[in-house]
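User: I would like to learn how to read a few local features in a structure like this one. Could you take me through them step by step?

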Amino acid sequence: MGMSMKKASRNIMRRIREILLFSFFVLTLIISGCGGNETKIKVHHSRDNNVEVEKSEISFWLPNGEILSSRRSLVMADSLLLILDHKSFENVVSVYSASNYNYCGSFGIFGEGPGEIGRLGSSAYSHNGNKLLVKDLAKLVVYSFDIDSALTSGDYRPSLFSKDNSAEIMNRMFVVSDTSIIVQRIEVTSSSSGAFVLGRYNPDTQSFLQYTDPSRSAQYPFAVSPDDNLIVEAGSWWDELFLYDLDGNLKCEIRGPMYSSDRNRSQLHTFGSPMIAYGLIYVTWRGVRSGRGDLSYIDTIHVYSIEGDYIKTIKVPYRVRSMIYNPIRDTFIFSFNDFDEFGEIERSYIESL
């Protein structure tokens with residue numbers, strides 16, 4: 001009888017230990033992972049795996065021998081590379097082959113007339129129909145350029161894609177499909193200030209499904225990867241990243257070592273723009289800046305897994321304005337602040353660092 005009681009007691013204690021160990025394991029997953037539904041915060045207390053890009057690994061090229069303005073943006077359009085010059089006196093968009101960077105033509109006119117761009121804003125490429133969406137900040141409209149027609153017809157004018165009303169201004173865009181565009185919208189409040197809201201826009205129904213809380217006053221640059229079912233928002237004022245699926249469900253909030261809940265402090269720790277390539281997240285890092293007007297240029301890129309785990313920090317020898325992944329050449333293209341030329345680095349080299 002005594003032996004049976006002892007054996008039963010040992011079994012109970014073993015079962016209790018198993019339950020406690022399992023509970024601890026589940027709690028660890030909830031706290032540290034991005035996949036749990038209970039807690040979605042991941043804290044990185046350090047980012048100290050620093051690597052440097054050698055200057056000899058960067059190749060430079062000047063598009064068509066042109067000198068572009070310092071304000072320029074890059075868009076991949078399948079086999080084409082589009083360069084949008086925000087301060088050009090001539091064409092808005094210059095088109096190049098993504099395989100060899102040969103010049104293919106240009107289109108878009110700056111001006112105040114119908115179909116002309118008054119002030120160039122954000123842009124997005126639509127694979128279906130080979131179209132480029134361009135925001136005109138002066139007219140508060142989005143134009144749709146048929147790239148093939150724009151390159152072959154000298155008198156081509158874009159069609160009107162959407163027109164903002166006084167309370168909703170489309171700020172950034174990424175086209176997932178004809179009926180699904182991930183957008184960042186500026187909602188004007190009663191005090192005439194703006195709130196940046198991420199969501200999904202359906203151009204057919206002109207409906208907007210809100211993803212994020214309008215109470216966030218900060219602007220969050222974002223990147224989208226349909227293949228990874230992932231949206232990445234980068235804090236432009238604070239050391240934080242947000243990972244969502246394409247339906248707007250929060251996967252994870254990532255807080256870096258300089259994160260603070262004090263939203264009124266004078267010193268800000270800010271990211272630039274994110275990019276997703278080959279299952280990795282690349283986010284340019286501005287570092288510390290005092291006040292919102294001090295936008296120092298970037299020479300640092302933090303790399304994360306698509307689950308939100310920190311991998312490494314890349315130091316680039318030149319100040320970066322923007323970057324984009326070219327899948328045709330399997331390279332990263334950089335627009336540098338200090339050069340008219342663009343820089344190109346092989347992805348395999350970046351990943352090997």
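**Reading the surface and the backbone**

Analyst: Let us begin with charge: in this predicted model, Arg71, Lys87, Arg119 and Arg321 together form a positive surface patch.

User: Where does Arg119 lie, and is Arg119 buried or exposed?

Analyst: Arg119 is found in the loop that links strand S7 (103-109) to strand S8 (120-126). Because its relative accessibility is 52%, and exposed means over 50%, Arg119 counts as exposed.

User: How should I read the sign of phi as I go along a backbone?

Analyst: As a general idea, most residues other than glycine have a negative phi. Against that background, Asn229 has a positive phi, near 50 degrees, although Asn229 is not a glycine. Tyr278, likewise not a glycine, has a positive phi of about 55 degrees.

User: Which loops hold Asn229 and Tyr278?

Analyst: Asn229 sits in the loop between strand S16 (222-225) and strand S17 (230-234), and with a relative accessibility of 34% Asn229 is classed as partly exposed. Tyr278 sits in the loop between strand S20 (267-277) and strand S21 (280-290), and Tyr278 is exposed, its relative accessible area being 55%.

User: What about a residue within a strand, such as Ala195: is Ala195 buried or exposed?

Analyst: Ala195 belongs to strand S14, which covers residues 194-202. Its relative accessible area is 6%, and since buried means under 20%, Ala195 counts as buried.

User: How many Å separate the C-alpha atoms of Ala195 and Ser215?

Analyst: The two residues are 20 residues apart along the chain, and their C-alpha atoms are separated by 6.7 Å.

How values were computed:
Residues are numbered from 1 along each chain as its sequence is written. This is a predicted model: local features need pLDDT of at least 70, side-chain atom pairs count only at pLDDT 80 or more; totals for chains, interfaces and linings use all residues. Side-chain values use heavy atoms; hydrogens and water are left out. Helices (H or I, at least four residues) and strands (E, at least two) are DSSP runs, numbered from the N terminus. Buried means under 20% relative accessible area, exposed over 50%, partly exposed in between (1.4 Å probe, protein chains only). Patches are made of residues with over 30% relative accessible area and no salt bridge: like charges are joined within 9 Å, nonpolar side chains (Val, Leu, Ile, Met, Phe, Trp, Tyr) within 5 Å. Accessible areas come from the Shrake-Rupley method with a 1.4 Å probe; for residues, only the protein chains shown count as cover. A salt bridge is a side-chain nitrogen of Lys or Arg within 4 Å of a carboxyl oxygen of Asp or Glu. Lys and Arg count as positive and Asp and Glu as negative; His and the chain ends are not counted. The place of a charge is taken as NZ of Lys, CZ of Arg, CG of Asp or CD of Glu.
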